[in-house]
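Colleague: I should be grateful for a close look at the ligand site of this model. Please set out the residues around the ligand, and then the elements and domains beyond.

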Amino acid sequence: MSANVFSALPLRPELQTAITTLGYREPTPVQAQTLPDLLQGRDLLAQAQTGSGKTAAFAIGLLNRLDALAYATQALVLCPTRELADQVTAEIRRLASAIPNIKILTLCGGKPMGAQLASLQRDPHIVVGTPGRILKHLDKGSLQLGTLQTLVLDEADRMLDMGFHDDIMAIIDQTSPQRQTLLFSATYPAGIKAVSAAVQSNTVEVRVDGPDTGPEIEQVFYRLEGMDRAEALYRVIGHYQPESCLVFCSTRQQCQELAEGLRQHDLHALALHGDLEQAERDQVFTQFSSRCSTLLIATDVAARGLDIKELALVVNVELSRDPEVHIHRIGRTGRAGCKGLAVSLVSAAEHGRLQAITELQGCEVELQSLPDDQAARGFKLYPPMVCFSISGGRKQKLRAGDLLGALTATAELSGTQIGKITLFDNCAYVAVEQKVARQALAILESGKIKGRRFRVRRLR
Ligand code: AMP
């Protein structure tokens, strides 16, 4: 079901007034596709990017059922960052402007508790905040969610990337089971599907078709012409100089050798294969997925289940025997609306494999000569982020919000300079932008994480 005009929707008059005042003439595609079900109280899993009008979609939904005379928290919006929480609050306020006496409160980390506790004395109708701080208020008993009607998880994929999974689940545990749950995410990794399955029921799924969805992948096939694969890989990387690159190879040994070869050229390459211990695998994968390493060299088996967003380049050092595996490999580039690039190195002995791939894809392929080695001489690729390992994790009761809070407490660093936070049982990883690495290390080592001192190590 889809609604092409706001006036066709069963909205309270104050909302129609606000929509007209804001000059929203017609619903955006996300709004048109989600509002009819959302207004009926259905749970929703929606793929939507920033700029799609997703905030107004859930804001209209939660405001439409809100009872301003009931002094209890009826809606909660969880956001990954303070900046997004502020934007969401502003949009809800604009849409609520014609409904009298609505109280909206933003609760984010990095802000003094005192003022938040005072504001919570009179139960806000709507709370917008980051998971760590919301959980803190629930633990203190300063916020109650037993009467919650609408729960929104905004930019849910980014919240999971930042390590908020456990906090989110702990928050949801304290909400009413009768609530409506709206989950918005730009991408659909396995983690999002698992959260949806755990916390939603009878869910409507909406993906907005448009030029921004459905990755487009450009494929380039290079003739090896007897060249060593390691040298050919180095040339390819030098030619494209990608920000992130996943290289597939067939054996553990080849993986290790290629990574070592690239490291000798001063490139940040990591190997991921079956010989690694689980803890080593976790670390390698965390470094790569949080953009603290540029190149990941993996076997198909080791790469299974990796969920990495926005890979600039996928390289097949050898063609796969199975054309379906080839399609699966190259499908990892060009996610979230970005155009992807997949490069394959093809030796004379692999022409049979190439033919199987072209038959499956139903298109002709032109073999090209490898780029010359001009670009590959002396180039450097610096990962945008730096990763720190911390000697404490879930078992030490460390949460993503504690790390984010510690890093942003002095206002020297902003939330946008902090990347992925990943928690394991006994350790944690946090990624920060290269340019603030020194300050971040000083803060992490100063014993300000929950007032405790953890061992902190910068990963190379
Ligand atoms: P969002 O994707 O929620 O960040 O929204 C992007 C921008 O679109 C915001 O500035 C909204 O105020 C605006 N917006 C939301 N819905 C509409 C609409 N139906 N018509 C015009 N602008 C809209």
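Modeller: The account below begins at the ligand and then moves outward.

This is a predicted model, in which local features need pLDDT of at least 70 and side-chain atom pairs count only at pLDDT 80 or more, while totals for chains, interfaces and linings use all residues. Residues are numbered from 1 along each chain as its sequence is written, and side-chain values use heavy atoms, with hydrogens and water left out.

The ligand is surrounded by 14 residues, a residue being near a molecule or strand if one of its heavy atoms lies within 4 Å of it. The closest are Tyr24, Gln31, Gly51, Gly53 and Thr55. By class, three of the shell residues are nonpolar, eight polar and three charged; here Ala, Val, Leu, Ile, Met, Phe, Trp, Tyr, Cys and Pro count as nonpolar, Asp, Glu, Lys and Arg as charged, and the others, Gly among them, as polar. Helix H3 (residues 54-64) supplies the largest share of the shell, three residues. Helices (H or I, at least four residues) and strands (E, at least two) are DSSP runs, numbered from the N terminus.

Several polar contacts can be listed, a polar contact being a pair of N or O atoms within 3.5 Å; within protein, one must be able to donate a hydrogen and the other to accept it, and residues adjacent in sequence count only if both atoms are side-chain atoms. A polar side-chain atom of threonine 55 is 2.4 Å from an oxygen atom of the ligand. For glutamine 31, a polar side-chain atom lies 2.8 Å from a ligand nitrogen atom. In glutamate 91, an N or O atom of the side chain is 3.2 Å from a ligand oxygen atom. Taken alone the ligand exposes 500 Å², of which the protein buries 69%; accessible areas come from the Shrake-Rupley method with a 1.4 Å probe, and for residues only the protein chains shown count as cover.

Gln31 is also one of the buried residues of helix H2, where buried means under 20% relative accessible area, exposed over 50%, and partly exposed in between (1.4 Å probe, protein chains only). H2 (residues 29-39) is mostly covered, with nine of its eleven residues buried. The cover over these buried residues includes strand E1 (44-47), H3, strand E6 (180-185) and strand E7 (204-207). After H2 comes glycine 41, with a positive phi near 90°.

Glutamine 74 sits in the loop between H3 and strand E2 (75-78). Its relative accessible area is 4%, so glutamine 74 is buried. The side chain of glutamine 74 reaches the backbone nitrogen of aspartate 67 at 2.9 Å, and a polar atom of that side chain lies 3.0 Å from the backbone oxygen of alanine 70. Leaving aside residues up to four places away in sequence, glutamine 74 has contacts that include Arg65, His125 and Thr150, contact meaning heavy atoms within 4.5 Å.

Helix H16 (residues 400-408) is largely enclosed by the rest of the structure, because seven of its nine residues are buried. Among them are Asp402, Leu403 and Leu407. The partners against which the buried residues of H16 pack include helix H4 (82-95) and helix H17 (437-445).

At the level of domains, the assignment gives domain 1 (6-207), domain 2 (217-369) and domain 3 (385-458), with bounds from an automatic or database domain assignment. The centres of domain 2 and domain 3, taken over C-alpha atoms, are separated by 31 Å. Their contact takes eight residues from domain 2 and nine residues from domain 3.
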